[in-house]
Amino acid sequence: MKILAIETSCDETSVSILECFGGLKKPEFNILSNIVLSQIDIHKEFGGVVPNLAKREHQKNLVPILTQALRESGMLKIYKSEILNTKQISNSKLPVQSWSALGGKITNKFKKLQKILEREPELLDQLTDFLNKYEIPKIDLIAVTNGPGLEPALWVGVNFARALSQAWQIPLFGVNHLEGHIFSVLLKQNRKNFQFPALALIVSGGHTEIVLTKELLDYKIIGETLDDAAGEAFDKAARILGLGYPGGPAISREAEKNNLTTSACPAVAKRSGDVVRLPRPMINTKDFNFSFSGLKTAVLYLVQDLKKNGKWVGDLIPQIAYEFQEAVLDVLILKSLKATEKYNIKSFILCGGVSANKELRYRLSDRLCKKYRENFNFLMPELEFSGDNAAMIASAAYPNYLRLKAKGKSLKISPIIKANGNLNF
Ligand code: KG4
Ligand code: ZN
């Protein structure tokens, strides 16, 4: 079956089409298209994502991105004018304009779209033009992220998906963004599958959670951040160091420079050892919770102190970035190891935007695989699927669809879906 997914939870507008095979035991995916448009350049100057700007950009970009995703999948077909003149054609296949123009009156079908997109008039105009131009693609299901994330941004995706579902008469349902991150690790052919019990470390801009999954689609949060998420801490520390947004890649680039300086120049390494020391918050607590807000504050105080004492030089940035990354990774890795041991885990899933961090990928997989060897799967997304994308939403939609089908539940056209910024498992 073919699933078209839409993701707009933060600052990436994404549409993807996946061909999905196999049953619940071994879902498999063939990616026909995965178009991701990042808004980083727009939010950069504000030092973080501005929800209303994100919403505006999603509105502007969804139709072009949908068009591109269909084109790449070979599913974008222009209506032939003869078809429009054929009386026998079923109403659902008629493009929107003809619905609205029939008898010079606005038809009920068009009114439904107007109602769904009443808060996104620009999107309605673009979508109407699109629907008038292109045939209904052979898609079996539409999936959309309905949370967690920035609510104004989520709503645009949800309303757009409902309008598409209505216009194309294709069923739709909402997908949890975090579940999308978990399934992102299966987005490659010949991948290993989940073995249970599995543990997922979800590390993103908005979340840091350790999730126990004893069977497919069953989730229990066993640890989470009490304040800032790991990605958020990277972003905030980067801002303090003047490294810009997004902070994760910027901090790890700087940290890499420090690796070189320390080996090439012991004097600098020694100085860094003297000056740069950061805490490992909650590393010794017995639970699996995290706290990264104090670490960011420690970076702030460190920089302020260095400046006050006239010791601040730009050369220190790589050392601070390095120490900051070490501190975050030490806590994430130690708690992951402890949880893996406690719950007798068979698969470990590292996912979310921060899973793009090379050191984290390398060290966590190395530690776990060396310790547990065979009968243990370490899964992490390909780099292109570590950040937000719609392919991961389609991949999470598929097993959920299979389960609904197995329960004999039918899917609805344009169901009421609420965007929920705080949605969790
Ligand atoms: O999952 P994601 O794309 O969006 C959310 O759902 O939040 O995660 C974005 C987060 C940002 O905070 C970004 O700084 C962080 O992932 N990130 C990284 C790296 N690349 C992205 N953090 C550490 N190291 C990286 N290489
Ligand atoms: Zn995410």
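Is Ser414 buried or exposed, and what is its relative accessible area?

**Entry 1, Ser414.** I started here, keeping in mind that I am reading a predicted model. I looked up the accessibility and found Ser414 to be buried, because its relative accessible area is 8% and the cut-off for that class is under 20%. I then turned to the backbone of Ser414, where phi is positive, at about 45°, although the residue is not a glycine. For its place in the chain I noted the segment after α15, the helix that spans 390-406.

**Entry 2, Arg373.** I next looked up another residue that has a positive phi without being a glycine, and for Arg373 I wrote down a value of about 50°. I located Arg373 in the loop that runs between α14 (358-372) and β10 (377-379). Its relative accessibility is 56%, so I entered Arg373 as exposed, the cut-off for that class being over 50%.

**Entry 3, Phe196 and Pro197.** Which kind of peptide bond joins Phe196 and Pro197? I checked omega, which comes to about 0°, and recorded the bond as cis. Pro197 itself belongs to the loop between α8, covering 177-183, and β6, covering 198-203.

**Entry 4, Tyr245 and Pro246.** I also recorded a cis peptide bond between Tyr245 and Pro246, for which omega is about -5°. Where is Pro246 found? I traced Pro246 to the loop between α9 (230-240) and α10 (247-264).

**Entry 5, back over the notes.** I set the two accessibility results side by side: Ser414 is buried, whereas Arg373 counts as exposed.

Note on methods. Residues are numbered from 1 along each chain as its sequence is written. Chains are lettered from A and ligands numbered from 1 in the order in which they are written. This is a predicted model: local features need pLDDT of at least 70, side-chain atom pairs count only at pLDDT 80 or more; totals for chains, interfaces and linings use all residues. Side-chain values use heavy atoms; hydrogens and water are left out. Helices (H or I, at least four residues) and strands (E, at least two) are DSSP runs, numbered from the N terminus. Buried means under 20% relative accessible area, exposed over 50%, partly exposed in between (1.4 Å probe, protein chains only).
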